[in-house]
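User: Please take a close look at a single part of this structure, one loop residue with unusual backbone geometry, and then set that part in the context of the whole chain.

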Amino acid sequence: MRIAVLDDYQGIADTVDWSPIPRPVQITAVREHISPGPALVETLAGHEVVVAMRERTPLDGALLAELPALKLLVTTGPFNAAIDVAAARRLGIIVSGTGGAVTPTVEHTWALILGLQRHLTTEDQRIRDGLWQSTIGTDLHGATLGLVGVGRIGSRVAAIGKAFGMDVIAWSPNLTDERAAKAGVARVDRDALFAGADVVSLHMVLADSTRGLVGSAELAAMKSTAILVNTSRGGLIDEPALVEALRSNQIRGAALDVYQHEPLPARNPLTSLPNTLLTPHLGYVTQTVMSIFYRDIVEDIAAYCTGSPLRLLTA
């Protein structure tokens with residue numbers, strides 16, 4: 001059985017115990033990102049199983065139709081918006097998912113907030129250059145944290161904000177007073193959130209209704225001293241509008257783990273701005289999560305081999 005693992009940036013697939021799979025396996029671990037197109041089709045040709053690492057590589061119906069040998073598609077996580085599951089089903093391809101964990105993304109959100117508030121990358125580089133203090137940090141205690149979304153991740157981010165002594169406000173299209181109270185946050189309207197928050201953190205699912213949720217109007221409404229944080233999906237932000245807001249110091253800074261196009265293209269304007277903190281979609285990349293992913297990947301493939309597939313995705 002030929003198994004291709006896409007976007008295996010850290011080389012984890014080579015360390016996995018694949019022996020529970022009841023058939024001999026040949027693993028193709030793809031360490032570099034390959035965009036959808038002829039090169040990706042050529043790489044995946046002849047593989048019975050393809051493992052997709054979250055939403056790093058879009059797999060639409062047209063691409064899947066060019067892979068007649070493909071019978072099982074495993075995505076890490078319980079859903080994957082980058083896979084056309086309906087097309088896969090029409091093509092007779094089984095799509096299975098895995099478990100996961102939300103706490104690593106919560107932790108990474110706060111790493112970004114603290115890193116930007118205290119200028120950690122700037123001061124790290126200066127001390128390596130033999131220099132000493134040059135920046136002044138910004139307090140979290142007494143500041144206002146504005147959460148766009150208070151679901152599984154946002155509610156946990158809220159709890160940590162309160163531990164720092166922050167006032168926490170929240171908005172989402174479907175947020176009710178009851179749900180806000182359960183999360184321990186104050187529900188406000190959209191305009192009040194962007195105008196009142198010192199830190200705006202996004203925790204929404206990307207959909208047609210939320211794409212470009214943060215655009216020129218929202219950025220203009222923010223305080224000039226405020227920062228924007230996104231560990232959710234890059235498409236939530238109008239990226240050109242954000243670049244302009246950062247260039248003009250309309251807002252103080254942005255800490256981003258996700259982007260409209262990933263991997264982030266070389267010479268993207270965000271990389272040349274002094275008021276950004278950028279990480280390469282690392283929110284879920286921890287030992288715990290990767291252990292869950294690969295444990296369940298092996299289980300999914302083994303179950304497929306026995307004719308009893310697990311964790312089936314239907315949409």
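Analyst: Asp7 sits in the loop that runs between β1 (2-5) and β2 (26-29). The model is a predicted one, and every value below is computed from it. Although Asp7 is not a glycine, its phi is positive, at about 55°. Most residues other than glycine have a negative phi. The relative accessibility of Asp7 is 2%, and Asp7 therefore counts as buried, given that the cut-off for this class is under 20%.

A second positive phi is found at Arg311, which is likewise not a glycine and has a value of about 50°. Arg311 belongs to the segment after α11. With a relative accessibility of 32%, Arg311 counts as partly exposed, because that class covers the range between the 20% limit for buried and the 50% limit for exposed.

Arg311 also leads to a residue of the preceding helix. Asp300, located in helix α11 (residues 287-305), has Arg311 among its contacts beyond four places in sequence. The other residues in that set are Leu72, Val74, Ser96, Gly97, Thr98 and Leu310. Asp300 has a relative accessibility of 0%, so Asp300 counts as buried.

Another backbone feature concerns a peptide bond. The bond from Glu262 to Pro263 is cis, and its omega is near -5°. Most peptide bonds are trans. Pro263 is placed in the loop between β11 and β12. That loop, between β11 (253-256) and β12 (276-278), also holds Pro274. Pro274 counts as exposed because its relative accessibility is 77%, where the class requires a value over 50%. The C-alpha atom of Pro274 is separated by 8.9 Å from that of Arg247, and the two residues are 27 apart along the chain.

These local features belong to a chain with 11 helices and 12 strands. Its radius of gyration is 21 Å, close to the 20 Å that the globule rule gives for 315 residues, so the chain is as compact as a globular protein of that length. The C-alpha trace spans about 60 × 50 × 30 Å along the principal axes. Of the 315 residues, 49% count as buried. Contacts between residues at least 6 apart in sequence can be divided further: 63% of them join residues at least 24 apart.

The surface and the charges complete this description. The accessible surface of the chain amounts to about 14800 Å², with 53% of this area belonging to carbon and sulfur atoms. There are 26 positive and 32 negative side chains, and the centres of the two sets lie 3 Å apart.

Two domain annotations come from an unreviewed UniProt entry. The annotation "domain: D-isomer specific 2-hydroxyacid dehydrogenase catalytic" covers residues 39-310. Over residues 39-310, helix accounts for 37% and strand for 14%, while the end C-alpha atoms are 30 Å apart. The annotation "domain: D-isomer specific 2-hydroxyacid dehydrogenase NAD-binding" covers residues 111-283. Residues 111-283 are 33% helix and 16% strand, and the end C-alpha atoms of this span lie 10 Å apart.

How values were computed
Residues are numbered from 1 along each chain as its sequence is written. This is a predicted model: local features need pLDDT of at least 70, side-chain atom pairs count only at pLDDT 80 or more; totals for chains, interfaces and linings use all residues. Side-chain values use heavy atoms; hydrogens and water are left out. Helices (H or I, at least four residues) and strands (E, at least two) are DSSP runs, numbered from the N terminus. Buried means under 20% relative accessible area, exposed over 50%, partly exposed in between (1.4 Å probe, protein chains only). Contact means heavy atoms within 4.5 Å. The radius of gyration is taken over C-alpha atoms; the globule rule is 2.2 Å times the number of residues to the power 0.38. Accessible areas come from the Shrake-Rupley method with a 1.4 Å probe; for residues, only the protein chains shown count as cover. Lys and Arg count as positive and Asp and Glu as negative; His and the chain ends are not counted. The place of a charge is taken as NZ of Lys, CZ of Arg, CG of Asp or CD of Glu. UniProt positions are given in the numbering used here, feature names are shortened, and annotations may be inferred rather than shown by experiment.
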